[in-house]
Amino acid sequence: MRSLPVKIVFALVIITLFFHVRVFSQQKVTVSGYVKEAATGESMIGATVGVIGTTIGTATNDYGFYSISLSPGAYSLNFSFLGFETIDTLISVNEDLRLNVGLLPSVKMIQEITVEASDTKDQNVRSSQMGKFDLSMEKIKTLPVLFGEQDILKTIQLLPGVQGGSEGTSGFYVRGGGPDQNLILLDEATVYNASHLFGFFSVFNSDAILNTTLFKEGMPAEYGGRISSVLDISMKDGNNQTFHGSGGIGVIASRLTLEGPLVKNKSSFIVSGRRTYLDVLTKPFVKNTEFGGSGYFFYDVNAKVNYRFSDKNRLYLSGYFGRDVFKFSNDYINLEIPWGNATATLRWNHLFSNRLFMNASVIYQDYKFELNANQNLFEFSLFSGIRDVNSKIDFDYFLGARHLVKFGVNYIYHIFQPSSISGKSGDVEFNPEGIQKLYAHEGAVYIQDQFDFTEKIQLHGGIRLSLFNQVGPYKKIIYDPFSGLPEDSILYSAGEHIKTYGGIEPRLMMRFSVDRNSSVKAAFTINNQYIHLVSNNGTTLPTDIWVPSSALVKPQLGYQYSLGYFRNFKDNTYETSIEVYYKQLQNQIEYKEGYTPSPNENLEESFVFGNGISYGIEMFVNKKYGDFTGWIGYTLAFTNRTFPDLNRGEVFPYRYDRRHNLSIVGSYRINDHWTLGATFVFQTGIAFTLPDSKYFIEGNILTHYDGINEERLPAYHRLDIGATYEGRKDRRFQSGWNFSIYNVYNRMNPYFIFNKYDGVFLEDPEITIQAKQVSLFPIIPSITWNFKF
């Protein structure tokens with residue numbers, strides 16, 4: 001199955017080499033530089049640079065760098081970015097030229113901005129990329145939110161093909177995949193648990209975020225390690241012109257951001273912090289009760305500093321640290337559960353030439369979960385986590401105005417601690433050795449090429465070679481096949497090879513332009529995933545466990561095929577698309593039927609493995625410009641799983657197999673001060689398993705389940721509205737308000753179903769069993785005061 005796509009990619013490489021020779025045979029000069037915000041010095045990711053009067057254009061990379069190769073002569077270049085004034089610059093070039101540009105925020109209404117032939121607002125139809133969404137933080141801040149906290153992860157759940165988990169949670173599922181199949185990056189560092197408050201808020205503070213990009217299909221070869229999607233989030237660099245601060249005080253949390261220059265035009269910093277005060281608000285109510293020691297809070301800190309040595313060398317150091325702490329205490333038990341992420345990224349940008357850009361990174365990531373409990377003389381502790389040390393080098397080679405090549409190499413050293421349990425009862429301590437740390441190496445090399453073969457055809461092909469190696473130290477337990485008890489073991493020393501996997505991952509996308517306003521696109525990708533999140537429930541709670549591929553646990557493998565028609569209307573004001581997709585998922589992991597955790601268990605012996613398929617159709621209408629903006633997204637989807645050891649080997653619906661998913665998002669700017677926002681969501685209820693019978697044995701209720709996920713919760717739907725007020729912007733201290741109402745018509749959406757038993761147990765027991773629905777959030781108004789200085 002893999003051979004044909006691989007052959008196609010290699011054929012494209014040969015064809016590309018031919019065009020390389022043709023390009024180099026012509027005399028070219030290169031115009032390159034950086035595009036930034038003039039007022040702050042922030043790099044502008046994805047700003048467009050075009051040659052007026054032609055279809056030649058490019059976009060800046062993740063660091064604001066661009067490069068265009070042209071024949072010698074006179075040109076008019078256009079620099080543009082949504083929400084900023086465009087700049088037209090006349091140039092006459094006979095040799096390479098460095099041209100840095102700063103853009104100012106637009107003082108006109110967006111619909112008044114007119115760009116000529118070089119306008120790149122038509123990327124929806126002109127680019128070969130499918131399933132890519134760039135999210136503006138300013139737009140996110142105008143949408144109604146839960147408890148007044150802007151949330152990137154909840155916003156992407158409003159896009160077609162993306163859905164959330166249970167009510168209020170920030171975990172997301174893309175085209176039938178699981179939450180672990182999404183690669184979430186913050187300044188290139190992997191975020192393994194992106195949730196605060198048991199999933200109700202994400203760990204991303206919107207005040208510290210510069211840009212957010214989602215790939216739900218057509219994943220470029222530079223990304224790997226996951227089979228469903230990539231969410232790439234970049235932090236702000238900090239204002240290198242003047243010192244500024246911003247923040248907000250909300251219903252349950254407050255935030256503060258400080259940024260400014262260390263050396264004007266050369267170096268800047270940003271520090272952003274956020275903390276809830278649920279523990280402070282609830283303390284007066286529980287102080288004199290048996291729950292006086294209970295409480296919950298979370299906090300996070302983002303920090304970044306950068307230094308520009310020259311246009312050829314720049315250095316960035318960024319980090320994130322966040323923690324959730326839940327405490328419960330009464331007369332019988334004391335419980336404390338802290339968990340969180342820590343990341344650090346050191347990056348060096350270097351320009352070898354006007355065409356060759358390099359970024360080298362060293363990245364550290366650490367995720368930990370702890371549970372500490374004591375009751376009378378008994379103490380119990382549980383710890384799990386994952387730690388990575390990552391190094392990578394990426395190159396952008398701007399071969400020509402219509403040709404961009406990217407290549408690089410990546411290495412990760414993983415340390416897993418699936419679960420570690422210890423305890424003490426009186427003077428007796430136990431620290432079982434059944435659970436141990438696991439170690440692995442993961443590496444990849446890739447190359448990708450985007451090239452316009454003709455005015456109508458653009459190809460984006462890439463190939464990624466990945467490798468995964470589990471190594472010691474490790475103690476492999478040999479179990480007796482009859483009794484299931486340990487009978488022997490194999491010891492692996494530090495660094496000793498245990499199991500190796502590898503894979504070839506072709507990525508291929510194509511665009512055929514029907515006319516100036518419409519195109520047809522197709523994409524095919526293969527992805528390998530070597531680490532897995534194993535969950536005994538349907539949400540990404542912090543108790544879920546990350547495990548590596550091993551001799552028993554094979555890598556997950558994803559094949560995805562997509563075909564779509566894209567069309568723009570009214571001078572690119574409206575973007576529309578309709579896409580169909582088919583996705584195959586191999587080596588999916590679940591727990592065995594009836595699994596319950598126990599000390600000293602070998603987790604791998606508790607897993608079962610199977611496959612999945614997902615297919616559907618997505619429709620999207622997006623109004624990008626004007627006072628009124630927003631989108632409508634609809635998905636019709638089918639997602640199933642097949643496990644030989646589950647459901648008698650028969651096909652069953654995935655828990656988040658939602659047949660219909662509709663999102664309507666709107667934002668209306670009344671004037672310079674007021675903006676209104678609203679969102680409406682309708683989703684088919686999630687699938688769940690309901691017992692088909694209950695019976696008594698010796699006075700105990702026993703439950704029998706037939707098929708998995710044969711029932712569905714009632715449909716989920718909700719309307720949210722909000723209003724944002726911005727004060728005068730000509731003052732040094734500016735402030736504004738955000739008002740929102742979550743679940744306007746107070747829909748009691750189901751969170752889960754449980755069985756309630758009423759009656760007594762006698763010799764002939766009479767008992768009533770009722771299914772009860774639990775709903776989480778009623779109508780919730782919130783208000784947040786925001787400020788800048």
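Student: What makes β12 and β13 paired strands?

Tutor: Two strands pair if there are at least two bridges between them. In this predicted model, β12 (residues 182–186) and β13 are joined by two bridges, in the antiparallel sense. The cut-off is met, so they count as a pair. For one bridge partner, look at L185, which is matched with T190 in β13.

Student: Where does that pair sit in the sheet?

Tutor: The sheet is open and has five strands, in the order β9-β16-β17-β12-β13, with mixed pairing. The edges are β9 (132–135) and β13 (189–190).

Student: Why are those two called edges?

Tutor: Each has a single partner strand, so one side of each is left without a neighbour in the sheet.

Student: How do you know that R98 and D311 form a salt bridge?

Tutor: The limit is 4 Å, from a side-chain nitrogen of Lys or Arg to a carboxyl oxygen of Asp or Glu. The closest N and O atoms of R98 and D311 are 3.6 Å apart. That is within the limit, so the contact counts as a salt bridge. The two residues are 213 residues apart in the chain: R98 is in strand β7 (residues 97–98), and D311 is in the loop between β21 (295–310) and β22 (313–329).

Student: Why is D311 called buried, and R98 partly exposed?

Tutor: Buried means under 20% relative accessible area; exposed means over 50%. D311 has 17%, so it is buried. R98 has 28%, so it falls in between and is partly exposed.

Student: What makes D207 and R255 a salt bridge?

Tutor: N to O is 2.6 Å. The cut-off is 4 Å, so the pair qualifies. Both D207 and R255 are buried.

Student: Which residues does the salt bridge network around K392 link?

Tutor: D187, E188, D237, K304, R347, K392 and D394 are linked in it. Within it, D394 and K392 meet at 2.5 Å, N to O. Both of these residues are buried. Over the whole model, the count of salt bridges is 28.

Student: Which residues touch the most other members of the largest nonpolar core?

Tutor: I156, L159, F172, L186, F204 and L231 do, in a core of 62 residues. Strand β24 (residues 356–375) supplies the largest share, four residues. Take L186: beyond four places away in sequence, its contacts include V191, F204, I209 and I233.

Student: Where is L70?

Tutor: L70 belongs to a second, separate core of 19 residues, which also includes F79, F84 and L99.

How values were computed
Residues numbered from 1 in each chain as written. Predicted model: local features only at pLDDT ≥ 70, side-chain atom pairs only at ≥ 80, totals over all residues. Heavy atoms only, no water. Buried < 20%, exposed > 50% of the residue type's maximum accessible area, 1.4 Å probe, protein only. Core = buried A, V, L, I, M, F, W, Y, C linked by side-chain atoms within 4.5 Å. Contact = heavy atoms within 4.5 Å.
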